[in-house]
Structures are given as structure tokens and as C-alpha cells.
Amino acid sequence: MLKKILSYPLSIIFYIFYGLTLLVMHVVQWLCYNLGGYAAHHKSVKVMNGLLVFWTRILGTTYTYKGRENLKQNVPLIFVSNHQSMYDISPLEYDLADYHPKFISKIELGKGIPSVSYNLTHGGSALIDRKNGKQAIEEIKKLAQYIQKNNYSAIIFPEGTRSKNGVPKAFKENGLKVLTKYAKDAYVVPVTLNNTWEIEKWGKFPMYLGAKVTIQYHKPLKVSEYKFDEIFELTEKTVKSSITA
């Protein structure tokens with residue numbers, strides 16, 4: 001009972017800082033992108049995500065990362081993760097900043113959200129129209145070619161939508177299939193997220209206090225060494241094997 005009472009003022013403080021960060025960093029991103037190009041913009045995005053993660057600590061949220069020693073250097077990486085909440089994004093993007101992560105996101109997020117929309121439209125991510133399969137495939141193909149050329153990384157949530165209660169949904173194969181087809185030098189990295197869903201366990205207000213988030217990077221799978229069906233099945237199995245919900 002006391003925990004939920006405390007969550008009301010803490011949630012208000014959290015939303016103030018979180019919202020202000022999105023507003024201020026939208027301007028900062030614009031300045032960095034237009035004055036300093038990609039490199040400056042990328043640094044601004046890392047700062048933004050670091051702040052967004054930091055503000056969740058007002059709610060008592062903690063983060064534990066496992067398996068980072070498994071990540072390869074100077075090769076394209078495809079991070080395949082379960083999806084529990086909007087609070088999956090910043091911890092991943094901040095921790096993986098050195099790998100220049102790009103997202104596959106629904107096209108609706110490309111406008112109207114301070115900082116988030118700007119990053120998606122200017123940072124190299126793929127914005128897909130779920131009602132237009134041809135457009136979606138073409139955008140994911142471009143992303144795959146982009147990470148292949150630059151040794152960057154892509155993050156994909158193959159469930160398509162958030163599970164919300166932590167229980168994973170079936171993975172959809174299309175996005176990963178296109179990524180692995182056009183980024184042939186890539187490694188697929190299964191990622192298991194736990195407990196980000198708890199941050200909104202009580203809803204958007206008040207926020208849950210004390211979520212213990214874990215992010216685990218599993219052993220990478222070299223795309224060229226597997227048939228797609230094998231890599232898809234193994235990736236889904238690996239991701240789900242460590243989900244605690």
C-alpha cells in the first residue's frame with residue numbers, strides 16, 4: 001500500500017523529467033544533425049537515451065546486462081529481442097550505442113513524437129507500413145544493406161507488438177528473413193528482455209516501483225553458417241528460454 005502511495009508523486013516527477021528530456025533533446029538532435037551530420041546526431045541520441053534510462057531510476061528501476069562479452073566487433077549485427085514495453089528501447093539503444101543500432105519500426109512512429117520520431121526518420125532506421133508489404137520489405141532491405149555496408153546493427157522485435165505481461169508471443173519471420181538475406185556478413189544476436197513490462201504494471205499512472213530489468217545477449221549466430229529456418233528457430237528458442245514471466 002505504501003509503495004503505491006509513493007508511486008504517485010514519484011511518477012509525476014518521472015514524467016516531468018522524461019517529457020522535458022524528449023522536448024529538449026529534439027532540439028539538440030536537430031542542431032547536431034544539421035550542424036554536425038550523422039556523427040554528432042548519433043552522440044546526441046546516446047545522451048538522450050542515457051537520460052531516459054536514468055530517469056526511470058526515480059521509480060527504483062534497476063538494470064542488469066548479461067553476455068555483452070559475446071558481441072562481435074566490426075561486423076554487422078542483428079539483435080533479435082522479445083518486446084515487453086516502450087521502455088525496452090532506451091536501455092538497448094544506450095547500451096549498444098557503439099554498434100550504431102537501427103530499428104525496424106511502424107511508420108506511424110515517424111511523426112508526432114518529440115525526439116523519438118526525429119531519431120527514427122534521421123538516424124537510419126526502417127519505418128514500415130504494415131498495410132503495405134512491398135514497402136515494408138523494401139525498407140528492411142535498405143536497412144540490411146546499410147548495416148552490411150557500415151558494420152552497424154539492427155534491432156528487431158519479431159513479435160510485432162508488445163507482450164505487455166511479459167509472456168512472449170510467436171515470432172514472425174519476415175523481417176528477420178529480409179535482414180539476413182541482404183546482410184550476409186551479419187551475426188544474429190538473440191536478446192532476452194525481462195521485466196520492462198513491470199514499469200507499467202499498474203498502468204501508465206501511477207508507475208510501478210522497483211522493476212528489476214535484465215537484458216541478456218546470447219551467443220551470436222553467423223548468418224552464413226545456417227539456413228534461414230534453422231537460424232529463425234534457434235533464435236526464437238534461445239530468446240524465449242530465458243524469459244522469466
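Helices (H or I, at least four residues) and strands (E, at least two) are, throughout this talk, DSSP runs numbered from the N terminus. With that convention, Pro206 is placed in the loop between S6 and S7, and I shall return to that loop later.

First, the provenance. This is a predicted model, in which local features need pLDDT of at least 70 and side-chain atom pairs count only at pLDDT 80 or more, while totals for chains, interfaces and linings use all residues. Residues are numbered from 1 along each chain as its sequence is written, and side-chain values use heavy atoms, with hydrogens and water left out.

Let me begin with the overall fold. The chain contains 6 helices and 8 strands, and their order from the N terminus is α-β-β-α-β-α-β-α-β-α-β-β-β-α. The radius of gyration, taken over C-alpha atoms, is 18 Å, close to the 18 Å from the globule rule (2.2 Å times the number of residues to the power 0.38) for 245 residues, so the chain is as compact as a globular protein of that length. The C-alpha trace spans about 55 × 45 × 40 Å along its principal axes.

Of the 245 residues, 49% are buried; buried means under 20% relative accessible area, exposed means over 50%, and partly exposed lies in between, with a 1.4 Å probe and protein chains only. Contact here means heavy atoms within 4.5 Å. Among contacts with a separation of 6 or more, 76% join residues 24 or more positions apart.

Turning to the surface, the accessible area by the Shrake-Rupley method with a 1.4 Å probe is about 12,200 Å², and carbon and sulfur atoms hold 58% of it. As to charge, there are 32 positive side chains (Lys and Arg) and 19 negative ones (Asp and Glu), with His and the chain ends not counted. The centres of the two sets lie 4 Å apart, each charge being placed at NZ of Lys, CZ of Arg, CG of Asp or CD of Glu.

Next, the interior. A nonpolar core is a set of buried Ala, Val, Leu, Ile, Met, Phe, Trp, Tyr and Cys residues joined through side-chain atoms within 4.5 Å. Which members of the largest core touch the most other members? Among its 36 residues, they are Phe79, Leu92, Leu96 and Tyr217. Helix H1 (2-56), S2, S6 and strand S7 (212-217) each contribute at least two residues to this core, and the largest share, 9 residues, is from H1. Leu96 contacts Arg68, Leu71, Phe79, Pro101, Ile155 and Tyr217, leaving aside neighbours within four places in sequence. There is also a second, separate core of 26 residues, including Ile128, Ala154, Leu221 and Val223.

Helix H5 (residues 174-182) has five names to note as buried: Gly175, Leu176, Val178, Leu179 and Thr180. Their cover includes strands S2 (77-81), S3 (101-106), S5 (153-156) and S6 (187-194), together with helices H4 (133-150) and H6 (228-241).

One of the contacts of Leu96, Pro101, deserves a closer look. Pro101 is found in strand S3 and counts as buried at 6% relative accessibility. Outside four places in sequence, Pro101 touches Glu93, Leu96, Ser153 and Ile155. The C-alpha atoms of Pro101 and Phe79 are 8.7 Å apart, with their positions 22 residues apart along the chain.

Strand S7 offers a pair of residues to set side by side. Is Thr214 buried or partly exposed? Thr214, in S7, counts as partly exposed at 21% relative accessibility. Ile215, also placed in S7, is buried at 1%. Not counting residues up to four places away, Thr214 touches Thr64, Thr192, Leu193 and Asn194, while the partners of Ile215 are Thr64, Tyr65, Lys66, Pro91, Leu92, Val191, Thr192 and Leu193.

Finally, the backbone. Most residues other than glycine have a negative phi, and most peptide bonds are trans. In the loop between S6 and S7, where Pro206 is placed, a cis peptide bond joins Phe205 and Pro206, with omega about -5 degrees. Asn195 is in the loop between S6 and S7, has a positive phi near 80 degrees, and counts as buried at 18% relative accessibility. Asn151, in the loop between H4 and S5, has a positive phi near 55 degrees and counts as partly exposed at 35%.
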